[in-house]
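Me: I'd like to go through this structure slowly with you. Could you put it up so we can both look?

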Amino acid sequence: MKRRFQSGFSFIEVMIGVVIISVAAYGMVLSATHARGVLRTITIKERAVDELIGYVEHMKGRIADGNMTLSEKSGDFMGETVYLFGDEQNDIKIPAKIYYENITPVFTDSISYIDRYLLHAWIEWEDFSTPRTKVIKRADIEMVMLEFPQ
């Protein structure tokens, strides 16, 4: 009896190849999804820091001008709402609050007639990437500002 050899792959070899390719493709999809989530988290944090810097720049101008009211100098512990993603009307939005502590004078050994004030502001937002647990993210900034004489 003469044996006939067939060229090509057997069914088992093809199935093993399909399984290996499927596992590799699944790993690539998971990696891409994770990378996209991390990128979105970084983008939100950058937006939060930009909002905080803009707010602090506004407060620096108010301090340098020297026309802040007593209520403005006493801080904002209720927070001003800004949106890091979306806006009030959107269903998908990421709100954040910007706060600042009491603006207090800083005393130095200098003999100049320029008053110095300490400004500490921060922004808080909820991390959207962990829906099961509520995680509050925070970014702080603190600086000494000068009030120029009129």
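Me: How many salt bridges does the structure hold?
Reply: The structure, which is a predicted model, holds five salt bridges. One of them is the pair Glu-72 and Arg-62, whose side chains meet with N and O 2.6 Å apart.

Me: Where do Glu-72 and Arg-62 sit in the chain?
Reply: Glu-72 is in helix H2 (residues 70–73) and Arg-62 is in helix H1, so the pair, 10 residues apart, links distant parts of the chain. Glu-72 is partly exposed, with a relative accessible area of 23%, and Arg-62 also counts as partly exposed, at 22% relative accessibility.

Me: And what does Arg-138 pair with?
Reply: Arg-138 forms a salt bridge with Asp-140, where the closest N and O atoms are 2.9 Å apart. The side chain of Arg-138 also meets that of Glu-124 in a salt bridge, at 3.4 Å from N to O. Because Glu-124 lies in strand E4 and Arg-138 in strand E5, this second pair ties together parts that are 14 residues apart in sequence.

Me: Which residues end up in one network, then?
Reply: Glu-124, Arg-138 and Asp-140 are joined into one network by salt bridges that share partners. As for their surroundings, Glu-124 counts as partly exposed at 24% relative accessibility, Arg-138 is partly exposed with a relative accessible area of 42%, and Asp-140 counts as partly exposed at 42%.

Me: Now a charged one without a partner: why does Asp-127 have no salt bridge?
Reply: The nearest side chain of opposite charge, Lys-137, is 4.1 Å away from Asp-127, and because a salt bridge needs the nitrogen and the carboxyl oxygen within 4 Å, this pair does not count as one. Asp-127 is nevertheless buried.

Me: Where is Asp-127, and what is it in contact with?
Reply: Asp-127 lies in the loop between strand E4 (115–126) and strand E5 (136–147). If we leave aside its neighbours within four places in sequence, Asp-127 is in contact with Val-135 and Lys-137.

Me: Changing topic to the largest nonpolar core: which residues touch the most other members?
Reply: Of the 22 residues in that core, Leu-84, Ile-103, Ile-123 and Trp-125 touch the most other members. The elements that give two or more residues to the core are helix H1 (11–65), strand E1 (76–85), strand E2 (94–100), E4 and E5, and H1 gives the most, with seven residues. As a general point, nonpolar side chains in soluble globular proteins tend to be buried together.

Me: What is Ile-103 in contact with?
Reply: Leaving aside its neighbours within four places in sequence, Ile-103 is in contact with Met-59, Ile-63, Met-68, Glu-72, Lys-73, Tyr-117, Leu-118 and Leu-119. Glu-72 in that list is the residue we met earlier in the salt bridge with Arg-62.

Me: What about Ile-94, buried or exposed?
Reply: Ile-94, whose place is in strand E2, has 11% relative accessibility and therefore counts as buried. Not counting residues up to four places away in sequence, Ile-94 touches Ile-44, Val-82, Tyr-83, Leu-84, Phe-85, Glu-126 and Phe-128. Ile-94 and Val-82 are 12 residues apart in sequence, while their C-alpha atoms are 8.7 Å apart in space.

Me: And Glu-147, buried or exposed?
Reply: Glu-147 lies in strand E5 and, at 15% relative accessibility, counts as buried. Apart from residues up to four places away in sequence, Glu-147 touches Ile-63, Ala-64, Gly-66, Lys-73, Ile-114, Asp-115 and Tyr-117.

Me: Where is Arg-116, and what does it touch?
Reply: Arg-116 lies in strand E4 and is partly exposed, with a relative accessible area of 21%. Its contacts, not counting residues up to four places away in sequence, include Thr-104, Pro-105, Val-144 and Leu-146.

Me: Last one: which residues make the nonpolar surface patch?
Reply: Phe-11, Ile-12, Met-15, Ile-16 and Ile-20 make a nonpolar surface patch of about 550 Å². Phe-11 lies in helix H1 and counts as exposed, at 63% relative accessibility. Helix H1 is also the element that gives the most to the largest nonpolar core.

Methods: Residues are numbered from 1 along each chain as its sequence is written. This is a predicted model: local features need pLDDT of at least 70, side-chain atom pairs count only at pLDDT 80 or more; totals for chains, interfaces and linings use all residues. Side-chain values use heavy atoms; hydrogens and water are left out. Helices (H or I, at least four residues) and strands (E, at least two) are DSSP runs, numbered from the N terminus. Buried means under 20% relative accessible area, exposed over 50%, partly exposed in between (1.4 Å probe, protein chains only). Lys and Arg count as positive and Asp and Glu as negative; His and the chain ends are not counted. Contact means heavy atoms within 4.5 Å. A nonpolar core is a set of buried Ala, Val, Leu, Ile, Met, Phe, Trp, Tyr and Cys residues joined through side-chain atoms within 4.5 Å. Patches are made of residues with over 30% relative accessible area and no salt bridge: like charges are joined within 9 Å, nonpolar side chains (Val, Leu, Ile, Met, Phe, Trp, Tyr) within 5 Å. Accessible areas come from the Shrake-Rupley method with a 1.4 Å probe; for residues, only the protein chains shown count as cover.
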